[in-house]
Amino acid sequence: MLTWDEVKWFKPDEFDDKWNKYPGKDMDMETIHRLDSLRGWVGDPIIVTAGYDSQGHSSDSYHYKGKAIDIIICTLKSMREQWDYIKISGFSGIGVYPEWTYKDFKGGFHLDTRNVSQLWRQLSNGTYIYFLP
């Protein structure tokens with residue numbers, strides 16, 4: 001069984017619910033370990049903008065199950081280069097959000113460990129394109 005003791009790059013409180021309902025320490029450890037591996041591979045800091053949340057997402061969000069994270073990779077790598085790392089990280093739900101920002105970094109990703117693969121992108125007008133049924 002995977003534990004927080006094996007996580008190199010992140011701490012549980014980085015995944016805490018903004019509304020204080022769910023503690024980050026209760027996140028799904030498969031999700032955390034995939035993110036931790038991604039951080040090691042990409043070689044740049046990753047900011048978690050949402051983890052185990054209780055509100056603010058779609059009604060069936062994996063954030064409510066502790067199996068989703070929203071991130072921005074603090075890097076000069078293009079989103080396409082970041083994608084090269086993300087696609088080998090083992091996440092089955094991947095959302096691409098080119099307009100997200102953190103300080104001087106632009107572009108973020110939603111990553112989750114759902115049972116059926118799904119890939120989507122948010123357009124600048126706020127609509128979504130889904131690439132898998």
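His 110 is a good place to start: this residue is buried, with a relative accessible area of 7%, where buried means under 20%. Keep in mind that we are looking at a predicted model. The mean pLDDT of the protein chain is 94, and 99% of its residues reach 70 or more. Confidence is highest in strand 2, at 98, and lowest in strand 6 (residues 128-130), at a mean of 95.

**Around His 110**

His 110 sits in strand 4. Its side chain has polar contacts with two other side chains, listed here.

| Side-chain pair | Polar contact |
|---|---|
| His 110 and His 63 | 3.4 Å |
| His 110 and Asp 112 | 2.8 Å |

What else does His 110 touch, leaving aside neighbours within four places in sequence? Besides His 63, the contacts are Ala 68, Ile 69, Asp 70, Gly 93, Ile 94, Gly 95, Tyr 97, Trp 100 and Trp 120.

**The sheet**

Strand 4 belongs to an open sheet of 6 strands, with mixed pairing and the order 1-2-4-3-5-6. Strand 1 and strand 6 each have a single partner strand and stand at the edges, so one side of each has no neighbour in the sheet. On average, neighbouring strands of this sheet are turned by 30° against each other, direction ignored.

Over at the strand 6 edge, strand 5 (residues 118-122) and strand 6 pair in the antiparallel sense over 3 bridges. Gln 122 has Tyr 128, in strand 6, as its bridge partner.

**The helices on the sheet**

Helix 1 packs on the sheet and touches strand 1, strand 2 and strand 4, with its direction at about 15° to that of strand 2. Helix 2, in turn, lies across strand 2, strand 3 (93-102), strand 4 and strand 5, and runs at about 25° to strand 4.

Which residues of helix 1 are buried? They are Met 29, Thr 31, Ile 32, His 33, Leu 35, Asp 36, Leu 38, Arg 39 and Val 42. A bit of helix geometry helps when reading that list: an α-helix has 3.6 residues a turn, so residues three or four places apart point the same way. The buried residues of helix 1 pack against strand 1 (46-50), strand 2 (68-73), helix 2 (79-86) and strand 4 (105-112).

The length of helix 1 checks out too. At 1.5 Å a residue, its 14 residues (29-42) should span 20 Å, and the end C-alpha atoms are 20 Å apart, which agrees. Right after helix 1 comes Gly 43, which has a positive phi, near 75°.

How values were computed
Residues are numbered from 1 along each chain as its sequence is written. This is a predicted model: local features need pLDDT of at least 70, side-chain atom pairs count only at pLDDT 80 or more; totals for chains, interfaces and linings use all residues. Side-chain values use heavy atoms; hydrogens and water are left out. Helices (H or I, at least four residues) and strands (E, at least two) are DSSP runs, numbered from the N terminus. The expected span of a helix is 1.5 Å times one less than its number of residues. Buried means under 20% relative accessible area, exposed over 50%, partly exposed in between (1.4 Å probe, protein chains only). Contact means heavy atoms within 4.5 Å. pLDDT is the predictor's confidence in each residue, from 0 to 100. A polar contact is a pair of N or O atoms within 3.5 Å; within protein, one must be able to donate a hydrogen and the other to accept it, and residues adjacent in sequence count only if both atoms are side-chain atoms. Two strands pair if DSSP finds at least two bridges between them. Axes are lines fitted to C-alpha atoms, for helices over the stretch in contact, and angles run from 0 to 180 degrees between N-to-C directions.
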